[in-house]
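Please find below my notes on the model, set out as numbered points. They begin with strand pairing and go on to the core, the aromatic rings and the charged pairs.

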Amino acid sequence: MEMTTPVRHHRGGAMQARPLGWARNPLTEFDQLLSEMSGLIESTVGSAAPAVAWTPLADVTESDDAFHIEIELPGVKSKDIDVEANGQELVVTGEIKEKERKGVLRRSTRRTGAFEYRLRLPGEVDTEKINAQMSDGVLTITVPKAEVAKPRHVEISETSESTGSSG
């Protein structure tokens with residue numbers, strides 16, 4: 001008795017709609033997926049809805065006497081940024097305006113619109129002495145620690161033990 005395995009024949013041997021292997025670029029597909037999703041969200045929510053503020057990239061470092069916040073805001077003028085210390089919260093807000101372009105925009109991944117960065121500060125900071133500087137598209141905010149929060153080296157004084165009880 002002879003067993004035969006069924007062989008599946010492709011009608012006309014046509015290529016699949018999506019090529020496999022080296023011809024496929026996952027990044028392009030991911031970009032496509034993202035733009036489809038944002039289009040879907042816009043159509044669901046409606047573009048009339050207020051734009052949600054996005055959060056810029058930032059680094060926060062701590063030294064002995066201050067906190068240093070570096071926020072990436074390329075192309076933003078300092079007059080378009082608002083830095084506010086509200087209690088224990090540091091709030092940086094602003095807007096990147098859409099550029100007027102000549103020609104057809106083929107691809108856009110740069111963020112525009114309102115942005116907001118919030119940081120909860122520890123209680124021991126001196127909000128009166130906060131300093132903010134803009135340089136090469138990076139906003140650097142220095143939040144000094146209050147005097148009580150700074151580590152203080154305590155000197156140990158030598159005292160002679162002779163005043164103890166004798167005997």
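1. Two strands are taken as paired if DSSP finds at least two bridges between them. With that in hand, and keeping in mind that this is a predicted model, Thr61 can be placed opposite His68 in E2. The strands concerned, E1 and E2, pair in the antiparallel sense over 5 bridges, and a hairpin of 3 residues joins E1 to E2.

2. As for the overall layout, the protein chain holds 1 helix and 7 strands, and reading along the sequence gives the pattern α-β-β-β-β-β-β-β. Among contacts between residues at least 6 apart in sequence, 55% join residues at least 24 apart. Buried residues make up 16% of the 167 residues in the chain, while the accessible surface comes to about 14,600 Å², with 51% of that area belonging to carbon and sulfur atoms.

3. Strand E2 also deserves attention for its pairing with E7, since E2 and E7 run antiparallel and are joined by 7 bridges. Within this pairing, the bridge partner of Glu72 is Val138 in E7. In general, the side chains of a regular strand alternate between the two faces of the sheet.

4. Which residues have the most contacts inside the largest nonpolar core? That core has 18 residues, and the ones in question are Ile69, Ile71, Val92, Phe115 and Ile141. Strand E2 (66-72), E4, E5 and E7 each supply at least two residues of the core. Val92 may serve as an example of the surroundings: leaving aside residues up to four places away in sequence, Val92 touches Ile71, Ile81, Asp82, Val83, Phe115, Glu116, Tyr117, Leu139 and Ile141.

5. Phe115 appears again in the aromatic pairing, where the structure holds 1 aromatic pair. The partners are Trp54 and Phe115, in a tilted arrangement with 5.7 Å from centre to centre and 50 degrees between the planes. Because Trp54 lies in the loop between helix H1 (26-45) and E1, whereas Phe115 lies in strand E5, the pair ties together parts that are 61 residues apart in sequence. Both partners are buried, Trp54 as well as Phe115.

6. Turning to the charged side chains, the count comes to 7 salt bridges. One of these is formed by Glu62 with Lys145, whose closest N and O atoms are 2.7 Å apart. Since Glu62 lies in strand E1 (residues 58-62) and Lys145 in the segment after strand E7 (138-144), this pair ties together parts of the chain that are 83 residues apart in sequence. Is each partner buried or exposed? Glu62 counts as exposed because its relative accessibility is 53%, with exposed meaning over 50%. Lys145, on the other hand, is buried because its relative accessible area is 10%, with buried meaning under 20%.

7. A salt bridge also joins Arg118 to Glu89, with the closest N and O atoms 2.9 Å apart. This pair links distant parts of the chain, given that Arg118 sits in strand E5 (residues 113-120) and Glu89 in strand E4 (residues 89-96), 29 residues apart. Arg118, with a relative accessible area of 45%, is partly exposed, and Glu89, at 25% relative accessibility, likewise counts as partly exposed.

8. Lys129 and Asp126 bring their side chains together in a further salt bridge, at 3.3 Å from N to O, and Lys129 counts as exposed at 57% relative accessibility. Elsewhere, Lys79, Asp80 and Lys97 are joined into one network by salt bridges that share partners.

9. Where does Asp126 lie, and which residues does Asp126 touch? Asp126 is found in the loop between E5 and strand E6 (131-135). Not counting residues up to four places away in sequence, Asp126 touches Pro144, Lys145 and Ala146. The C-alpha atoms of Asp126 and Lys145 are separated by 5.5 Å, although these residues are 19 apart along the chain. Lys145 therefore appears twice in these notes, as a contact of Asp126 and as the salt-bridge partner of Glu62, which belongs to strand E1.

Methods
Residues are numbered from 1 along each chain as its sequence is written. This is a predicted model: local features need pLDDT of at least 70, side-chain atom pairs count only at pLDDT 80 or more; totals for chains, interfaces and linings use all residues. Side-chain values use heavy atoms; hydrogens and water are left out. A salt bridge is a side-chain nitrogen of Lys or Arg within 4 Å of a carboxyl oxygen of Asp or Glu. Helices (H or I, at least four residues) and strands (E, at least two) are DSSP runs, numbered from the N terminus. Buried means under 20% relative accessible area, exposed over 50%, partly exposed in between (1.4 Å probe, protein chains only). A nonpolar core is a set of buried Ala, Val, Leu, Ile, Met, Phe, Trp, Tyr and Cys residues joined through side-chain atoms within 4.5 Å. Contact means heavy atoms within 4.5 Å. Accessible areas come from the Shrake-Rupley method with a 1.4 Å probe; for residues, only the protein chains shown count as cover. Rings of Phe, Tyr and Trp (its six-membered ring) pair if their centres lie within 6.5 Å; planes under 30 degrees apart count as stacked, over 60 as edge-to-face and the rest as tilted.
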